[in-house]
There are 2 protein chains.
Amino acid sequence: MASSKKPAPEDMRQRILEEATRRFGDHGYGETSIDSIAEAVGIRKPSLLYHFSSKEKLREEVMHNMMERWKEDLPRLLTAATGGHDRFESTIMAVIEFYLDDPTRARLSVREAMDRPDALKKALKENLQPWIALITDYIRWGQKIGICHADVDPEAYVIHVLLASISMVAFTPVAEAIAGTTAKKSLARQKKELVRMAREALFVDGAEIPDGA
Amino acid sequence: MASSKKPAPEDMRQRILEEATRRFGDHGYGETSIDSIAEAVGIRKPSLLYHFSSKEKLREEVMHNMMERWKEDLPRLLTAATGGHDRFESTIMAVIEFYLDDPTRARLSVREAMDRPDALKKALKENLQPWIALITDYIRWGQKIGICHADVDPEAYVIHVLLASISMVAFTPVAEAIAGTTAKKSLARQKKELVRMAREALFVDGAEIPDGA
DNA sequence: CCTACCGATCGGTAGG
DNA sequence: CCTACCGATCGGTAGG
């Protein structure tokens, strides 16, 4: 019981990072004082500044952290499923799940897009673009063999599906207000409908997928 | 030339409102000082506080203003077009245009959704829901007569299209980073693809629309 | 519409 | 990891 009040010996850095991530996502960078983060993890402001030399440095590490998670999860997401329609649907579901798993990620992405567009742009180009290219190449191949609609704009399509995945998690209150249901039920409906829309908008009805994909 | 420096006699209130709208959208409420708004319209902070008794009151009026624009434009948007496929597409295009016309609206909507979810939820319920019901009713009718896919979730569908319209305008940098084009070109592509996706996801291919709609 | 000013809060430093 | 403290900025008021 003596160790219940100060249980953190060396993972303090990690605890600060997690608390900062949550608060930056929930309230935004400017609205979050490093003092409130320090208090939440049970230390004083100058002690926090020993671990992260400035608030800006803390922000950079929070964002770097989220990008690392993306880089860890992406390969698994993109290679997990079987192939053809199924592969596509489970990929989309995995992307949604990435944000659903931890809504803070969605909110943090939205805030970064609003407040530091250039920084996010650069990070996306470096970390996400190669994987996007993999998907757009697949769509173009699908168009050639006739399983994907010919008039799909592959890049624009992928962007819309990605933004929709983030939006449905970050903006649940909007969906609740319109659909008039609870957050949980609303999210389940939004997810199912997004997967359906993405499928219907991409694949030609009734088209068969060849064996090797 | 003598009147070029102080051209504002009585529309000062409106000028403050417009400047506040732009800055709240661009940088967020918390990041915008009323001092910077006052400076931008050429007066001092206490003078601004004569027109709007507090920063919070200013925020309320900014949001009220945007909702009024919505209420003005909505009826026109929903009744403008011809009917069936065409009517639907031009309605979606009009919604996109509403935000494209003034990207600040999209950014302001996103920030309000993030920072004051309950306030936005209430405003949407009061102002938007009746119109949403009109569209979902139309979809359900379309499903009955077989021109809309039977497995569409009308509410979830409308929410996704609305969020996508806002997102493509508010998050252009993301689209630029992924598509690798300029903002203008990227927006044109995103708009065209969203309209296509919305159509393909809703209507049964090759179905005919009856005369009276 | 102004000058002058207030108390609170912020990020960050000194020094231990 | 702490106490003590700094200069800057904030929203808002007094008083004219």
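**View 1. Ser47(B) meets the backbone of DNA strand C.** In this predicted model, an N or O atom in the side chain of Ser47(B) sits 2.4 Å from a phosphate oxygen of DNA strand C. Chain A has a phosphate partner too: a polar backbone atom of Lys55(A) is 2.7 Å from a phosphate oxygen of the strand.

**View 2. Lys45(A) reaches a base.** Now look at Lys45(A): a polar atom of its side chain lies 2.7 Å from a base nitrogen of DNA strand C. So what part of the strand does the protein meet overall? Of the strand C atoms within 4 Å of the protein, 51% belong to sugar or phosphate, and the rest belong to bases.

**View 3. Who's around DNA strand C?** There are 14 residues around the strand, and those that come nearest are Lys45(A), Lys55(A), Met12(B), Arg44(B) and Ser47(B). Sorted by class, this surface has 6 nonpolar, 5 polar and 3 charged residues. Helix α3 (45-51) of chain A and helix α3 (45-51) of chain B each supply at least two residues of the surface near DNA strand C.

**View 4. Chain A laid on chain B.** Give chain A a turn of 180 degrees, with a shift of 0.0 Å along the axis, and it can be laid on chain B with an RMSD of 0.0 Å. The two copies are therefore related as by a two-fold rotation axis. Both copies use the same surface, as 100% of the contact residues of chain A recur in chain B.

**View 5. Ala201(A) and the rotation axis.** Which residue of chain A comes closest to the rotation axis? That's Ala201(A), with its C-alpha at 2.7 Å.

Conventions
Residues numbered from 1 in each chain as written. Chains lettered and ligands numbered in written order. Predicted model: local features only at pLDDT ≥ 70, side-chain atom pairs only at ≥ 80, totals over all residues. Heavy atoms only, no water. Near = heavy atom within 4 Å. Polar contact = N/O pair within 3.5 Å; in protein donor to acceptor, adjacent residues only side chain to side chain. Helix = DSSP H or I, 4+ residues; strand = E, 2+ residues; numbered from the N terminus. Nonpolar A, V, L, I, M, F, W, Y, C, P; charged D, E, K, R; others polar. Least-squares fit on C-alpha atoms with pLDDT ≥ 70 in both. Contact = heavy atoms within 4.5 Å.
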